[in-house]
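Q: Please take a close look at the ligand site in this model, and begin with the domains of the chain, so that I can place the site within the whole.

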Amino acid sequence: MHRFNDPKEFQEQALADRARGKTTALVPTMGFLHEGHASLIRWAAANADAVYVSVFVNPTQFGPGEDLEAYPRDPGRDAALAESCGATALFMPAPGDIYAPDHCTWVEVPPLARHLCGASRPVHFRGVATVVSILLHLALPHVAVFGQKDWQQLALLRRMARDLHLPCRIEGRPIVREADGLALSSRNVYLGPAERAQAPGLHAGLLHAAALARDGQRDAPTLKAAIAAYYAEHVPAGEVDYIEIVDPENVQPVAALEGPALAAVAVRLGRARLIDNELLRP
Ligand code: AMP
């Protein structure tokens, strides 16, 4: 596995791989890798000749007062895990390698950034769309791989790639969970024992709504209220940021289920802000 900090050197490797006729895949991450990231890297290795993993805690997607400084990091373990999953190159730039001091070019996808996480994190998706477009311009991959855990991010990046005619497929992969249902996240290390014990309730509440939808409940406010009631009982330490039901493609809230819809939640549990989602199929 080649290692790069310098964007130009990383791009030269990517250009050389393409010139040799290789198919290439990019897996962007913020590091502190877990089995969710590993599943993306393994998928990339099974579907491309060259697999680039980026590890970059992107400062522009954190708002004031968020956990940029505290975000967990372990570059040595990340490198070992990426290599063991089939990465052929690891790109670990410093913030100053990506952003010039007078950086002023931004990519925004406003309609898809308005709801869910965009409502409480106003600069988040501008930072995500900008850094992913920078990474795509450096790596020039045939495919970029993202997790459905960040469903809104995936929908927004798909729209960005379409609107900008990027020559890159955006691949979304299923959520990897702990045995008790908690979605893997680098931020799960913030959970204390009592919070960790309640955290699986996040997904259980979504499954409860999915069962109601399967049994015929199509009214979004009723389904949202059912999730809220479930959390009040099973995740009492949680502070709900949002419980929303949206169109899976454009992530706009829906009033009723007319086809598959996405139930998406964000809940603060101690120092952690956890997100999760589940497709509801009426
Ligand atoms: P992050 O390092 O949290 O920015 O995540 C990097 C990529 O890994 C994103 O595309 C995430 O959606 C994806 N990811 C994070 N957690 C999971 C998970 N539990 N299952 C699948 N993909 C995940």
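A: The protein chain is divided into domain 1 (2-173) and domain 2 (186-277), with bounds that come from an automatic or database domain assignment. This is a predicted model, in which local features need pLDDT of at least 70 and side-chain atom pairs count only at pLDDT 80 or more, while totals for chains, interfaces and linings use all residues. Residues are numbered from 1 along each chain as its sequence is written, and side-chain values use heavy atoms, with hydrogens and water left out.

The C-alpha centres of the two domains lie 26 Å apart, and 23 residues of domain 1 are in contact (heavy atoms within 4.5 Å) with 20 residues of domain 2. Between them the domains bury about 1800 Å², of which 56% is on carbon and sulfur atoms; buried area here is the accessible area, taken with a 1.4 Å probe, that two parts lose on being put together, summed over both. Of the area that domain 1 buries against domain 2, His 115, Leu 116 and Trp 151 supply 33%, more than any other three residues.

Turning to the ligand, 17 residues surround it, each having a heavy atom within 4 Å of the ligand, and the closest are His 37, Gly 147, Asp 150, Val 176 and Leu 184. By type, this shell divides into nine nonpolar, six polar and two charged residues, where Gly is counted among the polar ones and Asp, Glu, Lys and Arg count as charged.

Three pairs of atoms meet the limit for a polar contact (N or O atoms within 3.5 Å). A backbone N or O atom of Met 30 lies 2.9 Å from an oxygen atom of the ligand, a polar side-chain atom of His 37 lies 2.9 Å from a ligand oxygen atom, and a polar backbone atom of Val 176 is 2.9 Å from a ligand nitrogen atom. The protein covers 93% of the 480 Å² of accessible area (Shrake-Rupley method, 1.4 Å probe) that the ligand has on its own.

Key
A polar contact is a pair of N or O atoms within 3.5 Å; within protein, one must be able to donate a hydrogen and the other to accept it, and residues adjacent in sequence count only if both atoms are side-chain atoms.
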